[in-house]
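Biologist: Got a minute to go through this one with me? Put it up and I'll start asking.

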2 protein chains.
Amino acid sequence: MTLARLNRLTASLSKSGLDAVILNPGPTLTYLTGLQFHLMERPVVLFISEGKDPVLVLPELELPKVDLFPYKVQAIAYGENPSEWDKAFREAAQALGLDAKRIGVEPRQLRLLEFRYVKAGAPDAEFPDASDVLTNLRLKKDKAEVEAMRQAVKIAQDSLEATIPQIKIGMTERAISSELVIQMLRHGSASEMPFSPIISAGPNSANPHASPTDRKLQIGDLLVVDWGAGYDGYISDLTRTFAVGKVDDEYLKIHKIVQDANSAGREASKPGAPCANVDKAARNVIEQAGYGKYFTHRTGHGIGMEGHEDPYMRGDNTQIMEAGMAFTVEPGIYLPNRNGVRIEDNVIITENGADVLSDMPREIRVVG
Amino acid sequence: MTLARLNRLTASLSKSGLDAVILNPGPTLTYLTGLQFHLMERPVVLFISEGKDPVLVLPELELPKVDLFPYKVQAIAYGENPSEWDKAFREAAQALGLDAKRIGVEPRQLRLLEFRYVKAGAPDAEFPDASDVLTNLRLKKDKAEVEAMRQAVKIAQDSLEATIPQIKIGMTERAISSELVIQMLRHGSASEMPFSPIISAGPNSANPHASPTDRKLQIGDLLVVDWGAGYDGYISDLTRTFAVGKVDDEYLKIHKIVQDANSAGREASKPGAPCANVDKAARNVIEQAGYGKYFTHRTGHGIGMEGHEDPYMRGDNTQIMEAGMAFTVEPGIYLPNRNGVRIEDNVIITENGADVLSDMPREIRVVG
């Protein structure tokens, strides 16, 4: 499977004007090798070009991993002294004849650390952005990927259901977050979570990217839970919003608006239509209800091995949805310094429509 | 506190030949601001130069974080469409007059993503490696940092003690890892762990960087547990090696050698001596015992906000140990395809010697 993926990549290089691509530890490297490498102070880089075995530069202590590769690679290992590292990268570039060539990079993943070593090894090379090529490679999920994502959603949902009865007034956001993580591990999540749960209540819930604090749940708060599990290299990313005891009518109202927006976004998710439609459908509901300026982010992002990947559900994204694309639908309304609501589901485009992986009730539920 | 750190940094810029430094989300940014930013597909960069308020480029949806800054910053926010982002970075560079200046970077943390936006905003600037300046900033831990690390060690140790009685023959490495993570959360670890525990037994333990697998514990295995907790932004990183039931005499022997090497490394940890001494002291014990070629990595690495940071305990590192430096002492012996041993402690250099934060028994213990 990884060999087929590698072949798909190398076959696409020349028509993208690339002689090679370089990858450091991260989702794309794992997608192409089935292996996990650590992103650390020692650079690890896989050089991929057409018609030659890939070349892997890595620290000696990672050499045992080379035996686990699903296809032949040429390994160039370096020792503990950083002054030796330049040489290893020079050898790699020479082995593939890459100097003065076009070596594609992944700017969201590649650090200056790896980049500067590769550049020193191939000083006359160009380094065009290969994000499109690499993104397209991973864009449409195959059956096994969808099943892993489905499992990651199931683990997340079961874990939150197991956590809800433990949520009480006076409990801190941080304590809820810990309990939810424990439940995800008990339910079979990978121990490396895709992201730390966002548990935010009251005024904190009005910040879409809050981190859990020691603030205690109070009656009248809205409680936003944005969480996800990991399974077999794939993740889920969901959000539900709860009422802590009795909440103001306006909060019930904005919750219902967001629920309708989420529903509209899911319904707009189908093959052949632009990604923008999903954003527009959800945003329209919120704007019509008079809360447009409080929906401060795009409606969704791609999902798979990463929490944020292509395609992005923005109002200006003309990219056409195709079967196998996976993304979130997550409209929200955030009333500054008061309360916020977000409802997020994970969706996969199918031949005829969309498969919504998450089915936990979206209606507001009372906790505490 | 963070303002004092910022002033310490800006005061050191000119003597390092730098007009500014740029930071993206990561430990150094958190050290200087006390705030957590997400490393994601949207670039976030703090520009720091002397005599002016720092400038922060960030997505609009992160704007609420600006109010949490411990000192004045000029925020430049951009919207969801990436075509607007260049402009925000250009404004930032102009606000600080940075074009054609020397802007220091942190290559281990900065991605090409942020780098290329900053470079587009200041096309004639140079981008020297500022790792030394930034490393020195964080090198000596203050009292509060040491206390956070002590707590992270205590949480880790208590959690492993709580896990040990649950380890049984036939249990998978992955299951042990999950249980250990659960215990760390129950004992108060931050839910964002510093790293996923390495649980490796039998032949897997001979790979110093193994990831937990579905392999089941067998009688006769050595079991390496390399784990750490997070507390208040600081981490611990420890290793102990166990015997699963009765193991071969050679494995008991190499365990004892590594234990002696660990002890020698800790004893060599004192102010005024080069870091190399710690490596040499530990390595000498293993070489004298005839296993030198099976100790395939350096003896330790710095520790604090990150799992791997300066100083590095390598045989060629002439850096002098000073009070406040924190690092691991972790010699090992790895017999390929058979079994491995590693014993790792966390040490802080004091005025007179070293404070060993970890005190869990180092003798081999039998599990299963």
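Biologist: Which helices and strands of chain A do the buried residues of H5(A) pack against?
Modeller: Keep in mind that this is a predicted model. The buried residues of H5(A) pack against two kinds of element in chain A: helices H1 (2-13) and H2 (27-33), plus strands E1 (20-23) and E12 (309-313).

Biologist: And which residues in H5 of chain A are buried?
Modeller: H5 covers residues 131-139, and its buried ones are Val133(A), Leu134(A), Leu137(A), Leu139(A) and Arg138(A).

Biologist: Switching to the interface. How much area is buried between chain A and chain B?
Modeller: About 4100 Å², with carbon and sulfur atoms giving 53% of it. Glu41(A), Leu112(A) and His209(A) supply 16% of what chain A buries against chain B, more than any other three residues.

Biologist: How many residues does the contact take from each chain?
Modeller: It takes 44 from chain A and 44 from chain B.

Biologist: What does Glu41(A) form a salt bridge with?
Modeller: Arg298(B). The closest N and O atoms are 2.5 Å apart. Across the interface of chains A and B, the rule finds four salt bridges. It also finds 18 residue pairs in polar contact there.

Biologist: Which helix gives the largest share of chain A's side?
Modeller: H7(A), with seven residues. Helix H4 (112-121) and helix H7 (173-186) of chain A each supply at least two residues of the side touching chain B.

Biologist: What's that side like by class?
Modeller: On chain A it has 17 nonpolar, 15 charged and twelve polar residues.

Definitions and conventions:
Residues are numbered from 1 along each chain as its sequence is written. Chains are lettered from A and ligands numbered from 1 in the order in which they are written. This is a predicted model: local features need pLDDT of at least 70, side-chain atom pairs count only at pLDDT 80 or more; totals for chains, interfaces and linings use all residues. Side-chain values use heavy atoms; hydrogens and water are left out. Buried means under 20% relative accessible area, exposed over 50%, partly exposed in between (1.4 Å probe, protein chains only). Helices (H or I, at least four residues) and strands (E, at least two) are DSSP runs, numbered from the N terminus. Contact means heavy atoms within 4.5 Å. Buried area is the accessible area (1.4 Å probe) that two parts lose on being put together, summed over both. A salt bridge is a side-chain nitrogen of Lys or Arg within 4 Å of a carboxyl oxygen of Asp or Glu. A polar contact is a pair of N or O atoms within 3.5 Å; within protein, one must be able to donate a hydrogen and the other to accept it, and residues adjacent in sequence count only if both atoms are side-chain atoms. Ala, Val, Leu, Ile, Met, Phe, Trp, Tyr, Cys and Pro count as nonpolar, Asp, Glu, Lys and Arg as charged, and the others, Gly among them, as polar.
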